[in-house]
Amino acid sequence: MNFQAPEGTRDITPEQVVLWNRLEKAARETFSRFGYEEVRTPIFEYTALFHKSSGETTDIVEKEMFTFGDPEDKKGTYSLRPELTPGTIRALIENQLFAKKNFWKVWYLGPAFRKERPQKGRYRQFTQIGVEAMGSSDPLVDAETMVLFAEILKAVGVTAWELRINSIGCKECRPAYREALKAYIRPLLGTLDENCQRRFERNVFRILDCKVDAEKLKDAPKAMDHLCPQCKAHMAVVEKALQACAVPYRVDPRIVRGLDYYTRTVYEFSSSALGSQNALAGGGRYDTLVGSMGGPDVGSVGFAAGVERILLAMGGEAPPPAPDFYAIAAGDVARDEVFKTVMALRRAGLSGDMDFEGRSVKAQMRSANKAAARYALFIGPEEAQKGAVKLKDMKDGAEQTVSLDEAVRKLQGGMTA
Ligand code: HAM
């Protein structure tokens, strides 16, 4: 019997891990340059956390969570996290971190789970990398998170991206916009698809997200036209900061986001290198969420990006890093002699390997080539006896017999023998 991975999950093969690590390294370096600290939280939480934060009326909470446990349990069921924002906020509140400082900039990387219909770029287990800046209402922080993600994309060589931003207002101006939107949509309601009809009462803003009836809604009132003066001023600062940092963006009134907690700025990075699942990252400001979850009443902003989608945009696979050497057992030499030499080189900080399949010198040479080793390192009975090795520079073919110490020096220096 052949086993298959569960639907919507993927294996990351060694070839793909190389790219993954490149992305993770670039992201870690960028987060650290921008002053963000790493946080790690459980991959499952009490289900109630997501109802309270992600929102009762979102697709994610309504139908996409993997929920388990005993419904009779006093503390309720558990759900695999569909996003990392709620757990991150819970962790900061629960660990009383706001007592230590008012403003936290944290980042995270880890799996998230959504019971969606799988397709290219859309999985049931995927990986989010993201930030949450909690404790400031400064619009410059909104801009900082966007510049930060653009920097990560630059560091990994993804150039085909677009940033679209919008403001959805605050608790002062949003109710009037909600009414204006409802008044516009009400006469059209009978002609809209079933999903939109359901959203009308539960969360009318999500109708703007509708892919099916987009054309019918193209003249719908825009949140940007209903902003209060404070929200307008906030958006103006965000835009000016993006311009000052030369981060290209477009204001798009259709960006409403699929989660309930947003206020003011919302944004999405997408890539033309991807198919229909083209969102690389999404985020925005959530000024009331931390307070509503029992934390201080502070403004916050963040984003999350899909690692698998960034990897797709980066182009799939990459060769593993080239090793310093490949050791070849030449002639009638005891293999434990070769093993000893390889270990001495590795302990000196060099990378390399040897044959463990008892193959011919020719086949071992093929392995050295395939691994793209900088040096082939021949050890025959004579070399073994003298504690020496024959180095072959794989670039120019030059050969030289040297002591083991000298070989270490040469390889460490990266110099051609
Ligand atoms: P989101 O837009 O739901 O936002 O997800 C963020 C990113 O996760 C998406 O842009 C996409 O790249 C990736 N993603 C989402 N679902 C899938 C999937 N099924 N398969 C593969 N990738 C996926 C959030 O999750 C918010 N927590 C972002 C945030 C942080 N807002 C404020 N702070």
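Trainee: I am new to this structure and would like to begin with one residue: as what does A372 count, judged by its relative accessibility?

Mentor: A372 has a relative accessibility of 44%, so it counts as partly exposed, because that class lies between the limits of 20% and 50%. Please keep in mind throughout that this is a predicted model. As for its place in the chain, A372 sits in the loop that runs between α12 (361-370) and β14 (375-379).

Trainee: What is the phi of A372?

Mentor: The general idea is that most residues other than glycine have a negative phi. In this structure A372, which is not a glycine, has a positive phi near 60°. R264 is another non-glycine residue with a positive phi, here about 55°, and it is found in strand β9 (residues 263-271). With a relative accessibility of 16%, R264 counts as buried. A positive phi also appears just past helix α10, where the residue that follows, G315, has a phi near 110°.

Trainee: Since you mention α10, how many residues of this helix are buried?

Mentor: Helix α10 spans residues 307-314 and is mostly covered, with seven of its eight residues buried. The buried residues are V307, E308, R309, I310, L311, A313 and M314.

Trainee: Let me turn to the ligand: which residues around the ligand come nearest?

Mentor: There are 27 residues around the ligand, and those that come nearest are E83, T85, E116, Y123 and Y262. By residue type, this shell divides into twelve nonpolar, eight polar and seven charged residues. Several strands take part in the shell, with β6 (125-134), β10 (279-285) and β11 (300-306) each supplying at least two residues, and β10 gives the most, namely six.

Trainee: Which polar side-chain atoms lie by the ligand's oxygen and nitrogen atoms, and at what distances?

Mentor: For the oxygen side, a polar side-chain atom of R114 lies 2.9 Å from an oxygen atom of the ligand. For the nitrogen side, a polar side-chain atom of Y261 lies 3.0 Å from a nitrogen atom of the ligand. The backbone can take part as well, since a polar backbone atom of A281 is 3.5 Å from an oxygen atom of the ligand. As for cover, the ligand taken alone exposes 660 Å², and the protein buries 95% of that.

Trainee: Strand β10 has come up already, so let me ask about one residue in it: with which side chains does R285 make a polar contact?

Mentor: R285 is found in strand β10 and counts as buried, because its relative accessibility is 0%. Its side chain makes a polar contact of 3.5 Å with the side chain of H234, and a polar contact of 2.7 Å joins the side chains of R285 and D287.

Trainee: How many aromatic pairs does a search of the whole structure find?

Mentor: A pair of aromatic rings is described by the distance of the centres and the angle of the planes. The search of the whole structure finds twelve aromatic pairs. In one of them, the ring centres of Y177 and F205 are 5.7 Å apart with their planes at 20°, so this pair is stacked. The pair links distant parts of the chain, 28 residues apart, with Y177 in helix α6 (residues 174-185) and F205 in the loop between α7 (194-202) and α8 (229-244). Both Y177 and F205 are buried.

The pair of Y267 and F269 is edge-to-face, with 6.1 Å from centre to centre and 80° between the planes. Y267 is buried, with a relative accessible area of 0%, and F269 likewise counts as buried at 0% relative accessibility.

Trainee: Which residues do ring pairs link into a cluster?

Mentor: The cluster linked by ring pairs consists of F149, W161, Y267, F269 and F303.

Trainee: One last residue: where does G258 lie?

Mentor: G258 lies in the loop between β8 (250-251) and β9, and at 22% relative accessibility it counts as partly exposed. Along the chain G258 and R206 are 52 residues apart, while their C-alpha atoms are separated by 7.0 Å.

Trainee: And what does the domain assignment of the protein give?

Mentor: The assignment gives domain 1 (14-173 + 227-314) and domain 2 (325-413). Taken over C-alpha atoms, the centres of domain 1 and domain 2 are separated by 49 Å.

Note on methods. Residues are numbered from 1 along each chain as its sequence is written. This is a predicted model: local features need pLDDT of at least 70, side-chain atom pairs count only at pLDDT 80 or more; totals for chains, interfaces and linings use all residues. Side-chain values use heavy atoms; hydrogens and water are left out. A residue is near a molecule or strand if one of its heavy atoms lies within 4 Å of it. A polar contact is a pair of N or O atoms within 3.5 Å; within protein, one must be able to donate a hydrogen and the other to accept it, and residues adjacent in sequence count only if both atoms are side-chain atoms. Accessible areas come from the Shrake-Rupley method with a 1.4 Å probe; for residues, only the protein chains shown count as cover. Helices (H or I, at least four residues) and strands (E, at least two) are DSSP runs, numbered from the N terminus. Ala, Val, Leu, Ile, Met, Phe, Trp, Tyr, Cys and Pro count as nonpolar, Asp, Glu, Lys and Arg as charged, and the others, Gly among them, as polar. Domain bounds come from an automatic or database domain assignment. Buried means under 20% relative accessible area, exposed over 50%, partly exposed in between (1.4 Å probe, protein chains only). Rings of Phe, Tyr and Trp (its six-membered ring) pair if their centres lie within 6.5 Å; planes under 30 degrees apart count as stacked, over 60 as edge-to-face and the rest as tilted.
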